[in-house]
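I opened this model to look up two things: the pocket and a helix pair. My notes follow.

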Amino acid sequence: MKLILTCEHGGNKIPNEYVYLFQENQKVLETHRGFDLGALDTFDYLKSLSDYSKASTTSRLLIELNRSLHHSQLFSEYSNKLSVIQKNQITSTYYHPYRHEVSSIISNFISKGDTVLHLSIHSFTPTLKNIKRECDIGLLYDPKKPSEKLFSALLKSKIKAKNHNLKMRFNYPYLGKSDGFTTYLRRQFKMNYTGIEIEINQKHSKDNQMNLLIKDTLLAAIKEIN
């Protein structure tokens, strides 16, 4: 099995030509809306396990790499005001190359007879709309795909065996079958592809000891399975 790691929301960088869009609200780039806090750190920690890895550090507020082209949130309220020509330039420069490269790698592995496990690393804000999210790690998958259901159950059991205090939930705080990069890839590769999103509570990124514990636990659990 070939392991692919990606991180769609690794950073909050805005290319120079679009900085003006955020002049009146630069602080939003530092929030969970601008990027997935701690996700890139976890991605880098796990990268040694992978056969291929790719991360984006361009802010999701410019363009959302984890959404389909038709999705209403592909562009944020900041970038949605751009002209069609400008939006096409952004998709050509940031969106399509990222997705095409990952898809091509998967296609290449599968064409050689390999199976692919794709782990997409994300994080979520501890509280959203005044609702506290009761979870440390969420595993997002498509319940209709036996390989994804099996892997998620196995990964959860390995993690819990190493640290039973970690609270884990399936398809939380989002549904694994919702619009996203892994959902898109499932449609492209109906065989030999398993796509899982790993969601880590952002509150742990500010606690060095807990942050390291989660990364170590994930590393060991994934290594045992793969």
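Before assigning the lining to strands, I fixed the term: strands are DSSP runs of E with at least two residues, numbered from the N terminus. I also noted that the model is predicted.

Entry one, the pocket. I looked up the largest pocket and found a volume of about 700 Å³. Its lining comprises 31 residues, and those closest to the centre are Arg60, Glu64, Arg67, Gln73 and Tyr174. I then asked which strands each supply at least two residues of this lining. They are β3, spanning 116–124, and β8, spanning 193–201. β3 gives the largest share, three residues. Sorting the lining by class, I counted 14 polar, ten charged and seven nonpolar residues.

Entry two, the helix pair. I looked up helix α1 (residues 39–46) against helix α5 (residues 208–225). Their axes come within 10 Å and cross at roughly 40°. Are the two parallel or oblique? Angles under 35 degrees would count as roughly parallel, and α1 and α5 are therefore oblique to each other. I recorded the crossing of α1 past α5 as right-handed.

Next I listed the residues that meet. From α1 they are Asp41, Thr42, Tyr45 and Leu46. On the α5 side they are Asn211, Leu212, Lys215, Asp216, Leu218, Leu219 and Ile222. By class, this contact holds six nonpolar, three charged and two polar residues.

Conventions. Residues are numbered from 1 along each chain as its sequence is written. This is a predicted model: local features need pLDDT of at least 70, side-chain atom pairs count only at pLDDT 80 or more; totals for chains, interfaces and linings use all residues. Side-chain values use heavy atoms; hydrogens and water are left out. On a 1 Å grid over the protein atoms alone, a cavity is a set of points where a 1.4 Å probe fits but cannot get out, and a pocket is an open set with protein on both sides within 12 Å along at least five of seven lines; lining residues have an atom within 4 Å of a point. Grid points are joined across faces, edges and corners, and a volume is the space filled by probe spheres set on the points. Helices (H or I, at least four residues) and strands (E, at least two) are DSSP runs, numbered from the N terminus. Ala, Val, Leu, Ile, Met, Phe, Trp, Tyr, Cys and Pro count as nonpolar, Asp, Glu, Lys and Arg as charged, and the others, Gly among them, as polar. Axes are lines fitted to C-alpha atoms, for helices over the stretch in contact, and angles run from 0 to 180 degrees between N-to-C directions. Angles under 35 degrees count as roughly parallel, over 145 as roughly antiparallel, 65 to 115 as roughly perpendicular and the rest as oblique. A crossing is left-handed if the near helix is turned anticlockwise from the far one by less than a right angle, and right-handed if clockwise. Contact means heavy atoms within 4.5 Å.
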